[in-house]
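Grab a pencil and open the viewer. Each exercise below gives you a task, then walks through a solution.

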Amino acid sequence: MNSVGCPSFLFGSYKSGDKIDNNVNRADESQTCGGTAHILPNERKNQTFDTLKLTTFLDGDKKKTARRRWIWNEGQMHDNSRLIYLTREELIAEHAKRFIELHQSYMDEGFIPKPGDIMLMSQVSKSGAFGLHFGAFLPTLLSQADQEQQAEWLFPAFQMKIIGSLSQTELGHGSNVRGLQTTATYDKDTEEFIINTPTLKSLKWWPGGLGCSSTHTCIYAQLIIDGKEYGFHVFVLQLRDENHQPLPGIELGEVGPKIGDNMTETGFLRVSSVRIPRRWMLMKNQVVTKEGEYKKKVKKGSSASKIQYSTMLSIRCALVIGAGYNLAKGATIATRYSLVRQQGFKSSTADNRLSEENQILNYQVQQYRIFTQIAKSYAFIFTGRYLDKIFDKIKKQFAAAPEDVDLTDLPELHASSSGLKALCTYEVADGLEDLRLCCGAHGVLEMSGLAPLVRNKKTYNTAEGDKIILELQLARFLLKQYRQALEGTKPSGSCDYLNIFLNNKNNDPYELLNSNYDFSGLSDFSNLDDVLDLFKYRTIYSIINVHQRIQSIQQNNPQKDYNTVWNECAIDLVHCSRYHCYYIILRSFYYYLLESKDTLDVDVFNVLMKLCSLYAYSHLQESVGNWIDILTSKHVSIIKSNVRSLLSDIRIDAIGLVDAFEFPDNCLNSAIGQYSGNCYESLYNGAKASSLNKKTVFDGYQYLSKTIDKEFVAEHAKMVRCDNNSPSNYSFIKSNL
């Protein structure tokens, strides 16, 4: 017990993979018992599939499940339940303490995380700067430093002998990387680069870990040699000395509290004529000689020159799959609470206040709000797997033969990962907020686990690229693919739906579209291939529409700059991007299941197909106006009926679908979402742990006491009595009703 009489690990002790006995007897409610411990075990006994089989499928195989469990459970040595009561300074210090305690032995042994490990670690850690050390600083060194530089920087970084960050964004410049104002001017006489952030707007701003913990940073700067600019390049810049004090010419600070993710200290950096050695410019793909000659080690447009963007690609792919897991956390909490929470009498003729009540998950609207978010979480995770598969293929080819890699899929991966990162992180932030609302007043509490989750994940909408900017990048790629198809170049990857336009630039595109997609036979939508075709049709139609609009504006206003025309069509372009992403998400989910059908347990396959169908039908229902010329009122009625039927079918398996993620209780850190279902005990214990309860009289009473009528209060206090001998517990009340 702690100092305020509360147990450690306030919100449950379940760990990933724990074997739990579901034979729990119902306990009567009392002053210390909420009487809910039997509810979730009973739900688990009634589900239609084996949770472990679904867990293994989610992870990939048994070995991956074992590795994930090891990663997640190793991080549960520290109790998270009291973090909500710490100040920001205490949180940041606690993050450093925990990270080092947990990882030091592994770092000393030379443990190197695999690419997917960082994402998994981020799911059970409480954010913080060191995730960016491993997730951004190290990948940059891996992709852009030559062998000698890697020997200098990479190995100490792996062992956290140095701590790094990534300094790209500036106070006045973000998504427009070419507009960065930080400069690195080469001095041939001393063989040094002079780094400067020459204006207020050029201060580096937003790098995670820069504010307090980083000793070094990979800084993006415009390379200048003899007055000529060579574009932005990456340099290693040391920030602090052996006592962690800023070096001369370095001004460092922390930008202040944010809407979320406040365990990460986010920094700013001013660099005033700081000189660094020539070899501190990362030179895997280019070099500046002692004499100041700039040489590309690889040809422009070659495989090696393009792969240098792998750090950003890796981060965006991880953000997509991470979005799915983050949404799954919220869905897990909301599902468990909605099974335990009871409200509204089952019978409309109930004659006393202790009559049996409904589990709120039995209300249809609650099912729709929660089950659609569960479906999205699975959809986003499987979409992330699709991106990872493409990216892993490219990385393996590059490692084997850097100059002979088939990079056909790289532009599509870059574009699609941009759009998907934008869409998925936005929908997760939106979905988590609705899941919080599903939990009523308790969802407002920090200890619900949902309130901090909502705030923290909102920051991901702008991290690694503004949402709209990324969506417009994807739209530009889609239009390019369309134009190339008209000219006879086969579209790549997920844009293969544009194959119908190959060498057809003289034909009416709408006629071509409608001749390839005939929806006259649509009936009950039982075949998801038909729904997938609807998603494709919408995407293609929007691409044709915005392409023709751009052409029309250009023809009627030849004096207009292309960027102006582009901006006039930006809303439609954003819709193109989103429609393409929705298509990829549904396709990834659906195809992932079809490809696994022969090896996947039949019960698991069936429940996932229901979930995939719910994702598809609920999206149709919410966006029916996008197919106004195709879907009739009868179609809409069928779609709505399908949704209602799926909600009813999924209800029995709701607990298994969220249990399959195996989030440890300490990771969810939720009084209302723990594995056992003992939410009322946890809410009470969590309230007692509040720092405001350490004193019976709060600090502000010294001011309040000046207005309180103490004589009045004292006189009336005498009228209040407590009869300790009188039975006043719940069982007494119940027996008299």
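**Exercise 1: the ring cluster**

Task: find which residues are linked into a cluster by ring pairs.

Solution. Start with the rule: rings of Phe, Tyr and Trp (its six-membered ring) pair if their centres lie within 6.5 Å, and planes under 30 degrees apart count as stacked, over 60 as edge-to-face and the rest as tilted. By that rule you get 30 aromatic pairs. Follow the links and one cluster takes in Phe57, Trp72, Tyr325, Tyr378, Phe382, Phe589, Tyr592, Phe661 and Phe663.

Before you go on, some housekeeping: this is a predicted model, where local features need pLDDT of at least 70 and side-chain atom pairs count only at pLDDT 80 or more, while totals for chains, interfaces and linings use all residues. Residues are numbered from 1 along each chain as its sequence is written, and side-chain values use heavy atoms, with hydrogens and water left out.

**Exercise 2: two pairs up close**

Task: work out how the rings of Tyr325 and Phe661 are arranged, then do the same for Tyr562 and Trp566.

Solution.
- Step 1. The centres of Tyr325 and Phe661 are 6.4 Å apart and the planes are at 75 degrees, making the pair edge-to-face.
- Step 2. Now place these partners: Tyr325 sits in helix 9 (residues 310-340), while Phe661 is in the loop between helix 20 (654-659) and helix 21 (665-668), so the pair ties together distant parts of the chain, 336 residues apart. Helices here are DSSP runs (H or I, at least four residues), as are strands (E, at least two), and both are numbered from the N terminus.
- Step 3. Check the cover, where buried means under 20% relative accessible area, exposed over 50% and partly exposed in between (1.4 Å probe, protein chains only). Tyr325 has 2% and is buried; Phe661, also listed at 2%, counts as buried.
- Step 4. For Tyr562 and Trp566, the centres are 6.1 Å apart with 40 degrees between the planes, a tilted pair. They are four residues apart in helix 16 (residues 562-568), so about one helical turn separates them.
- Step 5. Tyr562 is partly exposed at 29%, whereas Trp566 is buried at 7%.

**Exercise 3: who touches whom?**

Task: list what Asn678 touches and what Glu43 touches, leaving out residues up to four places away in sequence.

Solution.
- Step 1. Contact means heavy atoms within 4.5 Å.
- Step 2. Asn678, in the loop between helix 21 and helix 22 (679-688), is partly exposed at 22%. Its contacts are Thr36, Ala37 and Ala671.
- Step 3. Compare sequence with space: Asn678 and Ile39 are 639 residues apart along the chain, yet their C-alpha atoms are 9.3 Å apart.
- Step 4. Glu43 belongs to helix 1 (residues 39-46) and is buried at 11%. Glu43 touches Leu339, Gln359, Arg651, Ile652 and Ile655.

**Exercise 4: phi with a plus sign**

Task: find where Asp226 and Asn503 lie, and say what their phi values are.

Solution.
- Step 1. Here's the background: most residues other than glycine have a negative phi.
- Step 2. Asp226 has a positive phi, near 50 degrees. Look for Asp226 in the loop between strand 5 (216-225) and strand 6 (228-238), where this residue is exposed at 58%.
- Step 3. Asn503 also has a positive phi, near 55 degrees. Asn503 lies in the loop between helix 13 (467-487) and helix 14 (509-516) and is exposed at 57%.

**Exercise 5: zoom out**

Task: describe the whole chain in numbers, starting with its helices and strands.

Solution.
- Step 1. Count the elements: 25 helices and 13 strands.
- Step 2. The radius of gyration (taken over C-alpha atoms) is 29 Å, close to the 27 Å from the globule rule (2.2 Å times the number of residues to the power 0.38), so the chain is as compact as a globular protein of 737 residues.
- Step 3. The C-alpha trace spans about 95 × 75 × 55 Å along its principal axes.
- Step 4. Of the 737 residues, 53% count as buried.
- Step 5. Among contacts with a separation of 6 or more, 73% come from residues 24 or more positions apart.
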